[in-house]
Amino acid sequence: MGGVQPAESRTSVVGRLLVLLERAASRGCRLVVFPELTLTTFFPRYWLPRLDDADGFYEREMPSPETAPLFDRARELGVGFVLGYAEMTPAGRRFNTVIAVDTDGSIAGYYRKVHLPGHVEERQLAHQHLEKYYFEVGEEGFPVVELAGLKVGLATCNDRRWAETYRVLALQGADLVAIGYNTPVGGVPGMAPEPHRMMEEHLLSVRAGAYQNSLWVLAAGKSGFEDGQRLIGGSCVVTPGGDVVSVAAGDGDELVVGTYDPRVAEPYRAELFNFALHRRPEHYGLIVERTGHGEPVVETLAGRS
Ligand code: CDT
(Lines give C-alpha, C1' and ligand atoms only; values in the text may rest on other atoms or scores of the structure.)
Protein backbone atom coordinates (compact mmCIF):
# COMPACT_ATOMS: atom_id res chain seq x y z
CA MET A 1 0.00 0.00 0.00
CA GLY A 2 1.02 3.52 -0.61
CA GLY A 3 1.17 5.88 2.35
CA VAL A 4 -1.83 6.81 4.47
CA GLN A 5 -1.73 10.49 5.38
CA PRO A 6 -2.82 11.67 8.86
CA ALA A 7 -5.90 13.43 7.47
CA GLU A 8 -7.08 10.48 5.39
CA SER A 9 -10.38 9.06 6.67
CA ARG A 10 -11.04 5.40 7.44
CA THR A 11 -13.65 5.46 4.69
CA SER A 12 -11.08 6.61 2.16
CA VAL A 13 -8.55 3.95 3.23
CA VAL A 14 -11.22 1.23 3.11
CA GLY A 15 -12.10 2.42 -0.41
CA ARG A 16 -8.48 1.82 -1.43
CA LEU A 17 -8.52 -1.62 0.19
CA LEU A 18 -11.70 -2.47 -1.70
CA VAL A 19 -10.03 -1.65 -5.00
CA LEU A 20 -7.17 -4.01 -4.13
CA LEU A 21 -9.60 -6.68 -2.96
CA GLU A 22 -11.57 -6.53 -6.23
CA ARG A 23 -8.36 -6.78 -8.23
CA ALA A 24 -7.22 -9.71 -6.13
CA ALA A 25 -10.51 -11.54 -6.65
CA SER A 26 -10.36 -10.92 -10.39
CA ARG A 27 -6.90 -12.55 -10.38
CA GLY A 28 -8.29 -15.59 -8.58
CA CYS A 29 -6.79 -14.83 -5.17
CA ARG A 30 -8.41 -16.45 -2.14
CA LEU A 31 -6.33 -14.74 0.54
CA VAL A 32 -5.19 -11.11 0.77
CA VAL A 33 -2.72 -9.73 3.30
CA PHE A 34 -2.90 -6.01 4.12
CA PRO A 35 -0.17 -4.14 6.05
CA GLU A 36 0.33 -3.45 9.74
CA LEU A 37 -1.76 -0.51 11.04
CA THR A 38 -3.44 -0.37 7.65
CA LEU A 39 -6.27 1.98 8.52
CA THR A 40 -4.23 4.96 9.69
CA THR A 41 -0.92 6.61 9.20
CA PHE A 42 1.90 4.95 11.16
CA PHE A 43 1.22 7.14 14.20
CA PRO A 44 4.01 5.76 16.47
CA ARG A 45 6.18 8.31 14.64
CA TYR A 46 4.49 11.06 16.69
CA TRP A 47 5.20 12.04 20.28
CA LEU A 48 1.88 12.90 21.93
CA PRO A 49 2.57 13.52 25.64
CA ARG A 50 -1.07 12.79 26.48
CA LEU A 51 -1.71 9.21 25.37
CA ASP A 52 -5.42 9.96 25.07
CA ASP A 53 -4.66 12.37 22.23
CA ALA A 54 -3.89 9.29 20.11
CA ASP A 55 -7.26 7.67 20.76
CA GLY A 56 -8.52 8.54 17.28
CA PHE A 57 -5.98 6.16 15.75
CA TYR A 58 -7.45 3.10 17.50
CA GLU A 59 -10.41 0.85 16.57
CA ARG A 60 -12.87 -0.02 19.32
CA GLU A 61 -14.75 -2.56 17.24
CA MET A 62 -13.99 -4.67 14.20
CA PRO A 63 -15.80 -4.58 11.89
CA SER A 64 -16.81 -0.99 12.53
CA PRO A 65 -19.25 1.02 10.42
CA GLU A 66 -16.29 2.29 8.35
CA THR A 67 -14.63 -1.12 7.87
CA ALA A 68 -17.78 -3.22 7.40
CA PRO A 69 -17.80 -2.72 3.59
CA LEU A 70 -14.45 -4.52 3.40
CA PHE A 71 -15.76 -7.47 5.42
CA ASP A 72 -18.99 -7.60 3.37
CA ARG A 73 -17.28 -7.45 0.00
CA ALA A 74 -14.65 -10.02 0.95
CA ARG A 75 -17.41 -12.45 1.96
CA GLU A 76 -19.27 -11.84 -1.33
CA LEU A 77 -16.07 -12.44 -3.31
CA GLY A 78 -15.07 -15.46 -1.23
CA VAL A 79 -11.71 -13.91 -0.36
CA GLY A 80 -10.14 -14.21 3.09
CA PHE A 81 -7.99 -11.39 4.41
CA VAL A 82 -5.54 -10.37 7.11
CA LEU A 83 -5.63 -6.77 8.30
CA GLY A 84 -3.51 -4.90 10.83
CA TYR A 85 -4.94 -2.09 12.97
CA ALA A 86 -4.53 -0.36 16.32
CA GLU A 87 -6.90 -1.95 18.84
CA MET A 88 -8.43 -0.31 21.89
CA THR A 89 -10.10 -2.92 24.11
CA PRO A 90 -13.27 -2.18 26.11
CA ALA A 91 -11.00 -1.95 29.17
CA GLY A 92 -8.89 0.71 27.43
CA ARG A 93 -5.89 -1.50 26.66
CA ARG A 94 -3.97 -0.77 23.48
CA PHE A 95 -2.51 -3.35 21.12
CA ASN A 96 -0.97 -3.49 17.66
CA THR A 97 -3.41 -6.08 16.37
CA VAL A 98 -4.09 -8.26 13.33
CA ILE A 99 -7.47 -9.73 12.45
CA ALA A 100 -7.84 -12.78 10.19
CA VAL A 101 -11.12 -13.17 8.29
CA ASP A 102 -11.95 -16.34 6.38
CA THR A 103 -13.51 -16.62 2.91
CA ASP A 104 -17.03 -16.99 4.39
CA GLY A 105 -16.65 -13.78 6.38
CA SER A 106 -16.13 -15.51 9.73
CA ILE A 107 -13.42 -14.18 12.02
CA ALA A 108 -10.78 -16.90 12.17
CA GLY A 109 -8.61 -15.25 14.80
CA TYR A 110 -6.59 -12.33 16.10
CA TYR A 111 -2.97 -11.61 16.88
CA ARG A 112 -1.55 -8.93 19.17
CA LYS A 113 2.01 -7.92 18.32
CA VAL A 114 4.68 -9.47 20.52
CA HIS A 115 7.94 -7.82 19.39
CA LEU A 116 7.27 -4.11 19.84
CA PRO A 117 10.30 -2.19 18.58
CA GLY A 118 11.42 1.35 19.30
CA HIS A 119 11.23 3.30 22.52
CA VAL A 120 8.84 4.40 25.21
CA GLU A 121 9.96 8.03 25.62
CA GLU A 122 10.47 10.93 23.22
CA ARG A 123 13.91 11.06 21.61
CA GLN A 124 15.85 13.65 19.64
CA LEU A 125 14.84 12.20 16.28
CA ALA A 126 13.21 13.56 13.15
CA HIS A 127 10.58 10.85 13.61
CA GLN A 128 9.86 8.86 16.74
CA HIS A 129 9.29 5.10 16.89
CA LEU A 130 7.10 4.88 19.97
CA GLU A 131 5.45 1.46 19.69
CA LYS A 132 6.44 0.67 23.27
CA TYR A 133 4.54 3.79 24.33
CA TYR A 134 1.42 3.28 22.25
CA PHE A 135 0.96 -0.49 22.68
CA GLU A 136 1.17 -3.25 25.25
CA VAL A 137 2.95 -6.50 24.39
CA GLY A 138 0.50 -9.12 23.15
CA GLU A 139 -0.08 -11.86 25.70
CA GLU A 140 -1.50 -14.63 23.55
CA GLY A 141 1.53 -15.57 21.48
CA PHE A 142 1.63 -16.43 17.79
CA PRO A 143 -1.55 -18.09 16.48
CA VAL A 144 -2.14 -20.30 13.47
CA VAL A 145 -5.60 -19.88 11.96
CA GLU A 146 -7.46 -21.56 9.13
CA LEU A 147 -7.92 -19.25 6.11
CA ALA A 148 -8.97 -20.35 2.64
CA GLY A 149 -8.26 -23.92 3.69
CA LEU A 150 -4.66 -23.15 4.68
CA LYS A 151 -2.99 -22.96 8.06
CA VAL A 152 -1.90 -19.35 8.29
CA GLY A 153 0.47 -18.09 10.96
CA LEU A 154 0.01 -14.50 12.08
CA ALA A 155 2.83 -12.10 12.93
CA THR A 156 3.45 -8.45 12.29
CA CYS A 157 6.31 -6.22 11.20
CA ASN A 158 9.26 -6.43 13.60
CA ASP A 159 8.30 -10.05 14.40
CA ARG A 160 9.63 -10.96 10.96
CA ARG A 161 13.19 -10.24 12.08
CA TRP A 162 13.02 -12.80 14.92
CA ALA A 163 13.74 -16.47 14.24
CA GLU A 164 11.48 -17.52 17.13
CA THR A 165 8.39 -16.13 15.37
CA TYR A 166 8.56 -18.49 12.42
CA ARG A 167 9.65 -21.51 14.42
CA VAL A 168 6.78 -21.21 16.88
CA LEU A 169 4.37 -20.93 13.95
CA ALA A 170 5.97 -23.79 12.02
CA LEU A 171 5.73 -26.03 15.09
CA GLN A 172 1.98 -25.43 14.98
CA GLY A 173 1.83 -26.63 11.39
CA ALA A 174 1.66 -23.28 9.59
CA ASP A 175 1.68 -23.54 5.78
CA LEU A 176 2.40 -19.87 5.43
CA VAL A 177 2.97 -16.78 7.55
CA ALA A 178 1.17 -13.50 6.87
CA ILE A 179 3.15 -10.46 7.95
CA GLY A 180 2.05 -6.85 7.54
CA TYR A 181 4.62 -4.15 8.22
CA ASN A 182 5.62 -0.47 8.32
CA THR A 183 9.37 -0.02 8.07
CA PRO A 184 10.51 3.60 8.02
CA VAL A 185 13.57 4.42 5.92
CA GLY A 186 16.39 6.08 7.85
CA GLY A 187 16.51 7.61 11.28
CA VAL A 188 15.49 4.41 13.06
CA PRO A 189 17.81 3.72 16.02
CA GLY A 190 19.62 0.43 15.60
CA MET A 191 18.83 0.03 11.92
CA ALA A 192 21.06 0.77 8.96
CA PRO A 193 20.12 4.17 7.50
CA GLU A 194 20.70 3.31 3.84
CA PRO A 195 17.53 2.31 1.96
CA HIS A 196 19.31 -0.53 0.16
CA ARG A 197 20.52 -1.97 3.49
CA MET A 198 17.03 -1.76 4.95
CA MET A 199 15.57 -3.60 1.96
CA GLU A 200 18.32 -6.20 2.18
CA GLU A 201 17.64 -6.82 5.88
CA HIS A 202 13.88 -7.05 5.26
CA LEU A 203 14.29 -9.60 2.47
CA LEU A 204 16.97 -11.50 4.40
CA SER A 205 14.58 -11.84 7.34
CA VAL A 206 11.57 -13.13 5.43
CA ARG A 207 13.64 -15.41 3.21
CA ALA A 208 15.46 -16.96 6.16
CA GLY A 209 12.22 -17.42 8.07
CA ALA A 210 10.60 -19.13 5.10
CA TYR A 211 13.54 -21.39 4.29
CA GLN A 212 14.43 -22.50 7.81
CA ASN A 213 10.82 -23.42 8.51
CA SER A 214 9.67 -24.75 5.12
CA LEU A 215 6.77 -22.33 4.84
CA TRP A 216 5.59 -19.54 2.62
CA VAL A 217 5.79 -15.92 3.74
CA LEU A 218 3.42 -13.24 2.52
CA ALA A 219 4.87 -9.87 3.55
CA ALA A 220 2.75 -6.77 2.93
CA GLY A 221 4.17 -3.35 3.74
CA LYS A 222 3.33 0.29 3.30
CA SER A 223 5.46 2.19 0.84
CA GLY A 224 6.10 5.73 -0.27
CA PHE A 225 5.70 8.74 2.00
CA GLU A 226 3.53 9.19 5.05
CA ASP A 227 3.57 12.70 6.46
CA GLY A 228 7.16 13.26 5.33
CA GLN A 229 8.47 9.88 6.42
CA ARG A 230 9.41 7.33 3.79
CA LEU A 231 8.37 3.71 4.23
CA ILE A 232 10.42 0.93 2.73
CA GLY A 233 7.84 -1.05 0.71
CA GLY A 234 9.11 -4.31 -0.75
CA SER A 235 5.96 -6.41 -0.24
CA CYS A 236 6.68 -9.91 -1.44
CA VAL A 237 5.76 -13.56 -1.68
CA VAL A 238 8.49 -15.95 -0.51
CA THR A 239 8.53 -19.71 -1.08
CA PRO A 240 9.63 -22.38 1.42
CA GLY A 241 12.86 -22.50 -0.57
CA GLY A 242 13.50 -18.88 0.38
CA ASP A 243 12.88 -17.57 -3.12
CA VAL A 244 11.12 -14.25 -3.63
CA VAL A 245 8.70 -15.10 -6.43
CA SER A 246 6.77 -11.85 -6.51
CA VAL A 247 7.65 -8.39 -5.22
CA ALA A 248 6.14 -4.91 -5.29
CA ALA A 249 7.51 -2.75 -8.07
CA GLY A 250 6.34 0.67 -6.94
CA ASP A 251 5.47 2.97 -4.08
CA GLY A 252 1.69 3.06 -4.39
CA ASP A 253 -1.26 0.73 -3.87
CA GLU A 254 -0.31 -2.46 -5.66
CA LEU A 255 -1.31 -6.09 -5.81
CA VAL A 256 1.54 -8.58 -5.38
CA VAL A 257 0.34 -12.04 -6.37
CA GLY A 258 1.73 -15.50 -5.77
CA THR A 259 0.42 -19.01 -6.32
CA TYR A 260 0.45 -21.23 -3.27
CA ASP A 261 1.69 -24.72 -4.06
CA PRO A 262 2.03 -27.20 -1.17
CA ARG A 263 4.50 -29.29 -3.17
CA VAL A 264 7.23 -26.67 -2.78
CA ALA A 265 7.51 -27.30 0.97
CA GLU A 266 7.30 -31.08 0.78
CA PRO A 267 10.93 -32.01 -0.03
CA TYR A 268 12.24 -29.71 2.71
CA ARG A 269 9.79 -31.03 5.29
CA ALA A 270 10.49 -34.64 4.31
CA GLU A 271 14.26 -34.50 4.64
CA LEU A 272 16.50 -31.57 5.53
CA PHE A 273 14.01 -29.80 7.79
CA ASN A 274 12.09 -32.84 8.97
CA PHE A 275 11.53 -31.39 12.44
CA ALA A 276 10.36 -34.63 14.08
CA LEU A 277 13.49 -36.39 12.90
CA HIS A 278 16.19 -33.79 13.39
CA ARG A 279 15.24 -31.18 16.00
CA ARG A 280 16.97 -31.47 19.38
CA PRO A 281 14.91 -29.38 21.79
CA GLU A 282 16.88 -30.68 24.76
CA HIS A 283 19.67 -28.38 23.54
CA TYR A 284 17.52 -25.31 22.91
CA GLY A 285 16.60 -24.45 26.51
CA LEU A 286 18.49 -21.15 26.51
CA ILE A 287 16.14 -19.80 23.87
CA VAL A 288 13.30 -19.64 26.37
CA GLU A 289 15.34 -19.27 29.57
CA ARG A 290 17.51 -16.32 28.59
CA THR A 291 16.52 -13.00 26.99
CA GLY A 292 19.81 -11.18 26.43
CA HIS A 293 23.31 -12.11 25.38
CA GLY A 294 25.15 -13.80 28.26
CA GLU A 295 27.91 -16.10 29.39
CA PRO A 296 28.61 -19.55 27.88
CA VAL A 297 26.85 -22.38 29.72
CA VAL A 298 28.08 -25.40 27.78
CA GLU A 299 30.89 -27.26 29.54
CA THR A 300 33.39 -28.19 26.84
CA LEU A 301 36.16 -29.93 28.78
CA ALA A 302 34.69 -31.62 31.82
CA GLY A 303 32.49 -34.69 31.90
CA ARG A 304 33.50 -36.19 28.60
CA SER A 305 33.75 -39.95 28.31
N1 CDT B 1 6.60 -1.38 12.74
C2 CDT B 1 7.77 -2.00 12.96
O3 CDT B 1 7.82 -2.96 13.72
N4 CDT B 1 8.87 -1.51 12.33
C5 CDT B 1 10.22 -1.98 12.55
C6 CDT B 1 11.19 -0.87 12.32
C7 CDT B 1 11.38 -0.01 13.45
S8 CDT B 1 12.51 -0.56 14.61
C9 CDT B 1 12.65 0.78 15.65
C10 CDT B 1 10.64 -3.10 11.63
O11 CDT B 1 11.23 -4.07 12.13
O12 CDT B 1 10.47 -3.00 10.43
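## Around the ligand

In this predicted model, a polar atom in the side chain of arginine 160 sits 3.3 Å from an oxygen atom of the ligand. Arginine 161 does something similar: one of its polar side-chain atoms lies 2.6 Å from a ligand oxygen. Lysine 113 joins in too, with a side-chain N or O atom 2.8 Å from an oxygen of the ligand. With the protein in place, 97% of the ligand's own 360 Å² of accessible area is covered.

Who else is around? The shell holds 15 residues, and those that come nearest are Lys113, Cys157, Asn158, Arg161 and Thr183. Sort the shell by character and you get five nonpolar, five polar and five charged residues.

## Asparagine 182, tucked away

Now look at the loop that runs between strand S7 (176-181) and helix H5 (195-213), where you'll find asparagine 182. Is asparagine 182 buried or exposed? Its relative accessibility is just 1%, so asparagine 182 counts as buried.

The side chain of asparagine 182 has company. It reaches the backbone oxygen of glutamate 36 at 2.8 Å. Asparagine 182 and lysine 222 also meet through their side chains, in a polar contact of 3.0 Å.

## Serine 246 in its strand

Serine 246 belongs to strand S12, which covers residues 244-247. Because its relative accessibility is 16%, and the cut-off for buried is under 20%, serine 246 goes down as buried. What does its side chain meet? A polar atom of the serine 246 side chain is 2.9 Å from the backbone oxygen of valine 257.

## Salt bridges

How many salt bridges does a search of the whole structure find? The count comes to 22. One of them pairs the side chains of arginine 112 and glutamate 140, with N and O 3.2 Å apart. This pair ties together distant parts of the chain, 28 residues apart: arginine 112 is in strand S4 (residues 107-112), while glutamate 140 is in the loop between helix H3 (131-134) and strand S5 (144-147). The two partners sit in contrasting surroundings. Arginine 112 has 17% relative accessibility, so it counts as buried. Glutamate 140 has 54%, so it counts as exposed.

Another salt bridge joins glutamate 121 and arginine 123, whose closest N and O atoms are 2.7 Å apart. Glutamate 121 is partly exposed because its relative accessible area is 35%, and arginine 123 is partly exposed at 36%. Then there's aspartate 261, which forms a salt bridge with arginine 263; here the closest N and O atoms are 2.8 Å apart. Arginine 263 is out in the open, so to speak: with a relative accessible area of 59%, this residue is exposed. Salt bridges can also link up, and Asp52, Asp55, Arg60 and Arg94 are joined into one network by bridges that share partners.

## Far along the chain, yet close in space

Arginine 45 lies in a loop, the one between strand S1 (31-33) and helix H2 (68-77). Its relative accessible area is 4%, so arginine 45 is buried. Follow the chain from arginine 45 to glycine 118 and you travel 73 residues, but their C-alpha atoms are 9.9 Å apart in space.

Glycine 28 gives you a second example. This residue is in the loop between helix H1 (10-26) and S1. Is glycine 28 buried or exposed? Glycine 28 is exposed, because its relative accessible area is 53% and the cut-off for exposed is over 50%. Its partner in this comparison is valine 79: the two are 51 residues apart in sequence, and 9.1 Å apart from C-alpha to C-alpha.

## A nonpolar patch on the surface

Finally, take a look at the outside. Which residues make the nonpolar surface patch of about 320 Å²? The patch is made by Tyr284, Ile287 and Val288. Tyrosine 284 is in the loop between helix H7 (275-278) and helix H8 (285-289). With 30% relative accessibility, tyrosine 284 counts as partly exposed.

Note on methods. Residues numbered from 1 in each chain as written. Predicted model: local features only at pLDDT ≥ 70, side-chain atom pairs only at ≥ 80, totals over all residues. Heavy atoms only, no water. Near = heavy atom within 4 Å. Polar contact = N/O pair within 3.5 Å; in protein donor to acceptor, adjacent residues only side chain to side chain. Areas by Shrake-Rupley, 256 points an atom, 1.4 Å probe, with all protein chains shown as cover. Nonpolar A, V, L, I, M, F, W, Y, C, P; charged D, E, K, R; others polar. Patch = residues over 30% accessible without salt bridge, like charges linked within 9 Å, V, L, I, M, F, W, Y side chains within 5 Å. Salt bridge = Lys/Arg side-chain N within 4 Å of Asp/Glu carboxyl O. Helix = DSSP H or I, 4+ residues; strand = E, 2+ residues; numbered from the N terminus. Buried < 20%, exposed > 50% of the residue type's maximum accessible area, 1.4 Å probe, protein only.
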